[in-house]
Amino acid sequence: MELFKEDKVYNFLGKGKIFFVASFILFFLAIALIATKGFSFGIDFTGGTVVQVKYQGVAPIDKVREALEKEELFKHASVTEFGSPEEIIIKTAASTDGLSKDIGDVTREILKGTGEFEIRRVDMVGPKVGDELRVKGLTAFLLTLAAIMAMVTFRYEWRFALAAIIAIVHDIVITFGFVSYFEIDFNIESVAALLMILGYSIHDTIIVYDRIREHIQESKNSDFVMIVNEAVSRTQSRTTLTSLTVFFVVLTLFLFGGDIMLGFSFPMLVGVIIGTYSSIFVAAQLVVWTGFSVARYREKMAEKLKLQAEKEKMRAQFEQGVV
Amino acid sequence: MKLNFRVVLLIAVALFGIIFSIPSLTQSQHGAKVTLGLDLQGGLHLLLGVKTEEAVNSQLKSVASGLKHFAEQNDILIDSISVEGKNVAFELLDSEDSVKIDEHLKTVQGAVVKASGGVYTVSLKAEEIEKLKTQAVDQAIETIRNRLDQFGLAEPVVARQGVDKILVELPGIKTPQEEQRARELISRAAKLELMAVDEDRAMRVNDLSEAEALSYGDVILEDALQPQIKHLVNEIPILDGTMLTDAQVGYDQNNRPVINFSLNSAGAQIFGDFTGRSVGKRLAIVLDGKVYSAPVINERIGGGSGQISGNYTVAEANDLAIALRSGALLAPIYMLEKRSVGPSLGADSIKASLLALVSGFVLVMIFMIMYYGLAGIIANLAVLINIFIILAMMALLGATLTLPGMAGIVLHIGLAVDANIIINERVREQLRLGLSVRKALEEGYAKAMRAILDSNITQIIACTILYVYGTGAIKGFAVTLSMGILASMLTAIVGTYGIFQLFSNRIEKSKNYKLWFGMTRKVN
């Protein structure tokens with residue numbers, strides 16, 4: 001099976017302005033959403049307690065709410081169905097730091113008389129832990145960006161690196177705009193998803209960059225726009241295929257992974273789509289706009305090669321004892 | 001067809017992967033296997049903090065009690081000895097004794113002594129305080145580990161996390177009752193103190209405020225069994241649990257469980273001296289700040305043994321004896337984070353992620369075969385071997401498979417085929433250019449490899465950072481993902497190339513690029 005004509009060059013950059021406007025609007029909509037609506041952070045970040053309870057039969061949510069209201073620890077607690085009508089999640093901002101009787105034990109006592117139930121999960125995070133996690137998560141993210149910047153600069157050029165970083169930030173901001181819009185719990189798994197999208201986005205981008213570099217080196221053509229169009233067209237088939245396979249598995253995670261994985265599978269699902277879009281329409285376009293010049297790059301490469309050749313010559317001479 | 005080193009290598013890693021995955025897949029007792037994280041098998045995860053200031057405080061108290069004992073033995077008169085803030089303060093009544101007292105204070109580690117007009121204040125150096133705090137955490141880890149080992153749960157983990165936090169993982173916990181018992185055992189201070197009852201003022205205990213009691217060098221303690229009863233005892237204990245050598249469950253004359261403890265020789269000496277001096281007075285046996293009994297001393301008690309009686313069940317007495325034997329916690333601990341997962345939820349999570357894993361894999365497999373023909377089958381084989389290698393490496397490294405780790409593997413399937421897709425696309429391109437199969441493979445793999453390496457190295461750097469800065473769940477994710485990347489380079493770049501080489505002559509002869517590479521358009 002072949003989806004794309006192998007010798008046709010699609011004019012991706014010709015429509016550059018349209019995609020730029022689209023990306024621009026999406027990006028700032030996402031930022032506005034995140035700024036005004038924010039995330040519904042999970043207890044990993046805010047501290048608090050989540051108790052997952054499974055009833056035999058349909059969970060009596062109203063009764064549970066009524067019972068919980070009387071207890072100070074569960075002021076403003078939320079009780080929601082989780083996955084199936086038998087299961088509920090109780091979320092509260094409170095936590096306890098004593099070991100002998102904790103908030104889980106309290107919950108069990110309160111819920112006595114609401115029916116036959118089993119407490120399947122108690123996650124409790126103290127307020128300090130959440131702070132630390134935020135700092136660590138942010139450090140990890142910034143460090144990773146710096147590492148990618150360095151790596152791409154080393155293997156390609158700083159303009160490529162800059163464009164790649166902008167594309168990554170674009171992908172992540174838009175994805176998490178969706179997370180904010182759909183009020184998906186932002187928890188530690190979402191951070192993993194965020195980093196995964198980062199990895200996926202840079203991967204896709206590098207594949208396209210590799211093609212661009214190859215064309216610069218091999219073709220006589222000096223028109224960068226042409227080269228980019230050709231590179232994106234040649235990688236089109238691969239980009240689409242991989243995106244499809246990744247999309248398949250993420251979709252299965254989203255469908256079968258259950259509510260517990262939602263903080264991971266939802267951002268992944270959106271991220272794959274946005275990441276694919278940006279590696280085709282955004283990343284390469286940005287390199288063009290940074291003012292990358294093919295001629296200058298070739299000059300530099302030629303110089304590098306010359307230097308290397310000279311070095312080798314020197315070494316050869318040295319080894320023969322001429323110098 | 002001739003075997004080449006690439007195929008041999010692929011077969012070798014495939015065998016390695018399969019053989020070392022077997023123990024994990026069959027959950028057999030033998031061989032290294034992947035441990036399931038608590039979120040998958042159920043259990044209790046605790047992150048504990050240590051109130052290290054309390055350790056410093058109790059050190060000051062023990063300095064005070066040492067001073068008092070020294071003064072009594074050497075007939076030195078000191079007055080109003082007490083712990084105030086971060087100092088021990090006392091007054092020396094006879095200035096002629098100052099040489100002796102100074103001598104004694106020199107033996108106290110890290111002490112800073114200030115004296116003016118017979119009033120002494122003893123504080124601790126900053127380094128000494130740091131040392132005490134570190135010791136408190138070390139000792140807490142050691143003590144908790146001892147207690148849990150004796151508790152008889154399977155594979156408890158007690159480890160330091162960061163500078164002053166303690167990670168406790170108990171996979172064996174199945175019921176809430178068990179969980180609560182374990183938590184109580186961990187957190188119990190188990191601080192045993194033998195204290196003298198202040199007989200002169202004992203009658204007035206109900207009229208005294210805490211501050212008044214303190215001004216006499218006393219404290220008011222509750223009775224363990226009847227909280228309304230108060231006891232007035234000397235603030236500085238006669239001796240404490242550090243001198244304990246053993247604690248065992250025994251039974252009293254009414255056949256109720258009690259705990260018999262014995263003291264080391266130094267403790268027995270102090271105990272003997274005190275009881276000899278205090279016949280007719282009462283001795284309070286205090287555990288974790290509560291008075292369990294306060295019997296009258298009838299005669300000097302040598303031998304150094306005693307008994308704690310409370311209204312214990314056998315299990316409670318047993319846990320208490322364990323706690324006493326393992327030693328007291330120098331500083332109280334508190335809970336920073338707790339995650340407890342019931343076994344049924346863990347099983348559900350495994351089921352859900354396996355379903356995602358299998359259905360994702362099948363979808364990708366079908367897709368690859370449809371698109372690439374036999375090359376798709378070869379790619380699928382590579383991905384399958386890949387999964388086995390991840391499992392095997394995790395088993396050998398003793399890594400833990402968590403729910404995010406499972407997600408990492410599922411996701412990895414999608415990414416692992418990518419290397420194969422890049423390669424196949426490149427080979428197709430070369431074939432279209434009219435190159436021979438052998439040449440097309442060579443060129444295609446060389447070109448694909450450059451892109452794959454660039455990308456994978458970047459990803460591994462990202463994973464490393466993730467591992468260093470991530471916490472538990474994230475770490476697991478980074479581990480599975482980076483192993484997957486390494487394995488995929490091996491299987492895709494080396495392995496599949498070997499297989500194609502094996503068949504290259506046959507492909508050349510048949511010219512059937514549709515069957516082998518799924519190419520539907522004619523090559524010109």
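## Helix packing and the contact between chains A and B

In this predicted model, the axes of helix α6 (residues 158-181) of chain A and helix α7 (residues 188-218) of chain A come within 9 Å and cross at roughly 140°. Axes are lines fitted to C-alpha atoms, for helices over the stretch in contact, with angles from 0 to 180 degrees between N-to-C directions. Helices (H or I, at least four residues) and strands (E, at least two) are DSSP runs, numbered from the N terminus. α6(A) and α7(A) are therefore oblique to each other. Oblique is what remains after under 35 degrees (roughly parallel), over 145 (roughly antiparallel) and 65 to 115 (roughly perpendicular).

Which residues of α6(A) meet α7(A)? Among them are Phe160(A), Ile168(A) and Val179(A). On α7(A), the partners include Leu194(A), Ser201(A) and Tyr209(A). Contact requires C-beta atoms, placed from the backbone, within 7 Å.

Now the two chains. In all, 64 residues of chain A are in contact with 65 residues of chain B. On chain A, the elements giving two or more residues include α5 (127-155) and α8 (224-256).

| Contact | Nonpolar | Polar | Charged |
|---|---|---|---|
| α6(A) with α7(A) | 11 residues | 4 residues | 1 residue |
| Side of chain A that touches chain B | 33 residues | 15 residues | 16 residues |

Ala, Val, Leu, Ile, Met, Phe, Trp, Tyr, Cys and Pro count as nonpolar, Asp, Glu, Lys and Arg as charged, and the others, Gly among them, as polar.

Residues are numbered from 1 along each chain as its sequence is written, and chains are lettered from A and ligands numbered from 1 in the order written. Local features need pLDDT of at least 70 and side-chain atom pairs pLDDT 80 or more, while totals for chains, interfaces and linings use all residues.

Notes. Contact = placed C-beta atoms within 7 Å.
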